[in-house]
Amino acid sequence: MQTFFTSLYSALISIFQSQRPADYGLYKTDLFSLVGWSTLGVSLLLVLAFYYVFNSALRTGMFRTPHWAATLALAAGLGVFLANSLSKGHGAEVTSYLGYFMVVNMIVAALWFFLFSVLLKRWSTYARTTPFVGPF
């Protein structure tokens with residue numbers, strides 16, 4: 001999976017910036033995988049909380065699309081936070097590359113959240129049609 005995350009982040013960041021920083025080796029060997037797995041886990045936990053804790057177990061009535069969009073925004077915001085804090089915690093320099101990494105991780109977190117929503121919403125008691133009705 002390390003090669004998956006390295007390929008994913010390298011390709012998406014290269015859309016914004018083609019020049020790699022001096023500490024690219026740190027990103028390649030440690031940060032892409034660590035941030036990728038953390039983002040995937042946080043997005044999955046938020047989807048499970050939205051569909052199965054808030055809308056099945058607790059019956060809070062948070063099944064409307066604006067509630068889902070707010071949870072998606074939370075996942076994206078946590079993606080930025082994870083990329084920033086984990087990168088700085090592992091000694092990455094504060095450069096424009098880190099900024100683009102945070103933006104890309106925000107997009108990746110939102111995509112993971114959307115994907116998990118499509119895959120896991122059907123078993124929710126009250127939110128099986130959120131954010132859209134469809135064959136999924």
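**An all-helical chain and its helix packing**

Pro131 sits in the segment that follows H4. In this predicted model, the peptide bond leading into that proline from Thr130 is cis, and its omega is near 10°.

Stepping back to the overall layout, the chain contains four helices and zero strands. Following the sequence from start to end gives the pattern α-α-α-α. The C-alpha trace spans about 50 × 30 × 25 Å when laid out along its principal axes. The chain runs to 136 residues, and 38% of these count as buried. As for how the chain folds back on itself, take the contacts with a sequence separation of 6 or more: 74% of them come from residues 24 or more positions apart.

The pairing of the first two helices comes next. H1 covers residues 2-16 and H2 covers residues 24-57; their axes come within 8 Å and cross at roughly 105°. An angle from 65 to 115 degrees counts as roughly perpendicular, and H1 and H2 are therefore roughly perpendicular to each other. On the H1 side, the contact is made by Gln2, Phe5, Thr6, Tyr9, Ser10 and Ile13, while H2 brings in Tyr24, Lys28, Thr29, Phe32, Ser33, Val35, Gly36, Trp37 and Thr39. Sorted by character, the residues of this contact split into seven nonpolar, seven polar and one charged.

Two serines give a closer look at that crossing, one from each helix. Ser10 belongs to H1. Its relative accessibility is 15%, and since buried means under 20%, Ser10 counts as buried. Setting aside neighbours within four places in sequence, Ser10 is in contact with Tyr24 and Phe32, both of which are on the H2 side of the helix contact. Ser10 can also be placed relative to a residue much further along the chain: Val104 is 94 residues away in sequence, yet the two C-alpha atoms are 9.7 Å apart in space.

The serine on the other side is Ser33, which lies in helix H2. With a relative accessibility of 15%, Ser33 counts as buried. Its contacts, not counting residues up to four places away in sequence, are with Gln2 and Phe5. Those two residues are part of the H1 side of the contact.

Further along comes H3, made up of residues 65-89. This helix has 25 residues, and the distance from its first C-alpha to its last is 35 Å, close to the 36 Å expected at 1.5 Å a residue. Which residues of H3 are buried? The set consists of Trp68, Thr71, Ala75, Ala76, Gly79, Leu82, Ala83 and Ser87. These buried positions pack against H2 and against helix H4, which spans 96-120. Just beyond the end of H3, Gly91 adopts a positive phi of about 90°.

The database record can be set beside this geometry. An unreviewed UniProt entry lists residues 34-54, 66-86 and 98-120 under "transmembrane region". In the model, the span 34-54 is 100% helix and 0% strand, with its end C-alpha atoms 28 Å apart. The span 66-86 is likewise 100% helix and 0% strand, and its end C-alpha atoms lie 30 Å apart.

Notes. Residues are numbered from 1 along each chain as its sequence is written. This is a predicted model: local features need pLDDT of at least 70, side-chain atom pairs count only at pLDDT 80 or more; totals for chains, interfaces and linings use all residues. Side-chain values use heavy atoms; hydrogens and water are left out. Axes are lines fitted to C-alpha atoms, for helices over the stretch in contact, and angles run from 0 to 180 degrees between N-to-C directions. Angles under 35 degrees count as roughly parallel, over 145 as roughly antiparallel, 65 to 115 as roughly perpendicular and the rest as oblique. Contact means heavy atoms within 4.5 Å. Ala, Val, Leu, Ile, Met, Phe, Trp, Tyr, Cys and Pro count as nonpolar, Asp, Glu, Lys and Arg as charged, and the others, Gly among them, as polar. The expected span of a helix is 1.5 Å times one less than its number of residues. Buried means under 20% relative accessible area, exposed over 50%, partly exposed in between (1.4 Å probe, protein chains only). UniProt positions are given in the numbering used here, feature names are shortened, and annotations may be inferred rather than shown by experiment.
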